[in-house]
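User: Please take a close look at one part of this structure, the second largest pocket, and describe its surroundings in a connected account. I would like to know what lines the pocket and how the neighbouring elements are arranged.

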Amino acid sequence: MKLIFISLFISAFSFSTLAKENVKKKKITMACFHYPPFLIDPKYDDKNEGMIVDLLKKMFANQGHEIELKWMNLARAIKSVEEGEIDTICSLNNKRPSKLDLIEPAIARMKVAMWTRKEDNFKYRGVHSIGNRVLGNVLGFVYNDTSPSLQKYLNDEKNKTFVVSGSDPVKRLYQLMEKKRVDLFAINEEYVYYLLGKKYVEDNFRVAGYLRNKLGAYFGVSSKINNKDEIKKIYQTEIQKVHKSKIFLEIYQKYIK
């Protein structure tokens with residue numbers, strides 16, 4: 001599905017030089033794109049870097065490595081890591097075509113929820129259950145990975161949909177739901193809680209169900225860097241510790257209030 005991204009352009013020569021120096025300094029460059037609250041560009045929040053960034057920094061710090069972030073749009077992030085200009089990418093859906101080494105297991109798995117007003121007792125059981133309800137969407141959001149049938153429904157002009165674009169489109173969709181101009185909207189819970197506040201969301205809206213497929217977020221490594229095997233080993237060692245600890249829960253509670 002979806003997402004919101006920022007652009008940053010740095011020369012290939014600079015990145016290549018950094019990559020060579022980073023082996024000596026135990027630094028790892030990581031391409032990041034804006035996808036709150038998992039990844040947060042400092043242009044939008046200069047205090048928090050995102051749940052996935054916080055987690056990866058902790059994991060690699062445990063092995064004496066420092067992560068240096070490089071913020072840019074998604075397309076540039078993928079290309080820079082594919083070409084070896086940057087060592088790693090913060091996270092990537094494994095269904096998105098790329099030449100990156102995406103490491104198992106996933107760093108996170110996200111469910112996409114179908115939201116409605118709190119007083120509406122509607123239960124989402126697939127697109128056939130939508131009936132005469134108005135389905136909201138943000139221009140540019142794509143659901144092919146989580147529900148191809150929902151994307152097909154949105155593409156069909158015969159169905160009742162309301163597409164929002166411009167500034168703060170997600171906030172506007174929730175306002176439209178409050179005014180009963182839109183009945184349903186699909187987006188992951190973490191983003192909504194972070195953007196609007198958990199209390200406000202739960203006081204006014206409810207999850208009517210979930211889309212079929214979870215989104216897997218995978219840490220990726222360039223196949224062109226010399227220390228790729230070392231980076232993979234560190235990740236796989238540390239992610240096992242994460243699963244046995246409360247580290248991610250503590251990070252989650254920092255962002256979702």
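Analyst: A pocket is here an open set of points on a 1 Å grid over the protein atoms alone, with protein on both sides within 12 Å along at least five of seven lines. Its volume is the space filled by probe spheres set on the points. The model is a predicted one.

By this definition, the second largest pocket holds about 230 Å³ of space. Its lining consists of 14 residues, and those closest to the centre are Ile107, Ala108, Arg109, Glu190 and Phe248. Two or more lining residues come from each of the elements α2, β5 (108-110), α8 (228-243) and α9. In composition, the lining has eleven nonpolar residues, one polar residue and two charged residues.

Two of the elements that contribute to this lining, α2 and α9, also pack against each other. Helix α2 spans residues 51-61 and helix α9 residues 247-255; their axes lie 10 Å apart, at an angle of about 145 degrees. The crossing of the two helices is right-handed. From α2, the residues Met51, Asp54, Leu55 and Lys58 take part, and they meet Ile247, Phe248, Ile251, Tyr252, Lys254 and Tyr255 of α9. Seven of these contact residues are nonpolar and three are charged, while none is polar. Phe248 thus appears in two settings: it belongs to the α9 side of the helix contact, and it is among the residues closest to the centre of the pocket.

Aspartate 54 deserves separate attention. This residue is located in helix α2 and has a relative accessibility of 14%, so it counts as buried, the limit being under 20%. Apart from neighbours within four places in sequence, aspartate 54 is in contact with Glu49, Ile251, Lys254 and Tyr255. Among these partners, Ile251, Lys254 and Tyr255 are α9 residues of the helix contact. The C-alpha atom of aspartate 54 is separated by 8.9 Å from that of phenylalanine 38, at 16 residues along the chain.

Glutamate 190, which is also among the residues closest to the pocket centre, lies in helix α6 (residues 189-196). With a relative accessible area of 15%, glutamate 190 is likewise buried. Leaving aside neighbours within four places in sequence, its contacts are Pro37, Phe38, Met51, Tyr252 and Ile256. Met51 and Tyr252 in this list are also residues of the contact between α2 and α9. Glutamate 190 therefore connects this account of the pocket with the helix pair, as a buried residue that touches a member of each helix.

The contact of glutamate 190 with Pro37 and Phe38 leads to the loop between β1 (27-32) and α2, in which leucine 39 is found. Proline 37 lies in this loop as well. The peptide bond from proline 36 to proline 37 is cis, with omega near 0 degrees. Leucine 39 has a relative accessibility of 0% and so counts as buried. Its C-alpha atom is 6.5 Å from that of methionine 51, although the two residues are twelve apart in sequence. Beyond its neighbours within four places in sequence, leucine 39 is in contact with Phe33, His34, Glu49, Gly50, Ile52, Val53, Trp71, Cys90 and Ser91. One of these partners, Glu49, is also in contact with aspartate 54.

On the side of β5, the chain shows a further cis peptide bond, which joins glutamate 104 and proline 105 with omega about -5 degrees. Proline 105 is placed in the loop between β4 (101-102) and β5. Strand β5 is itself one of the elements that give two or more residues to the lining, and Ala108 and Arg109 are among the residues closest to the pocket centre.

Taken together, the pocket has a lining of eleven nonpolar, one polar and two charged residues. The packed helices α2 and α9 both contribute to that lining, and the buried glutamate 190 is among the residues closest to the centre.

Conventions:
Residues are numbered from 1 along each chain as its sequence is written. This is a predicted model: local features need pLDDT of at least 70, side-chain atom pairs count only at pLDDT 80 or more; totals for chains, interfaces and linings use all residues. Side-chain values use heavy atoms; hydrogens and water are left out. Axes are lines fitted to C-alpha atoms, for helices over the stretch in contact, and angles run from 0 to 180 degrees between N-to-C directions. Helices (H or I, at least four residues) and strands (E, at least two) are DSSP runs, numbered from the N terminus. A crossing is left-handed if the near helix is turned anticlockwise from the far one by less than a right angle, and right-handed if clockwise. Contact means heavy atoms within 4.5 Å. Ala, Val, Leu, Ile, Met, Phe, Trp, Tyr, Cys and Pro count as nonpolar, Asp, Glu, Lys and Arg as charged, and the others, Gly among them, as polar. Buried means under 20% relative accessible area, exposed over 50%, partly exposed in between (1.4 Å probe, protein chains only). On a 1 Å grid over the protein atoms alone, a cavity is a set of points where a 1.4 Å probe fits but cannot get out, and a pocket is an open set with protein on both sides within 12 Å along at least five of seven lines; lining residues have an atom within 4 Å of a point.
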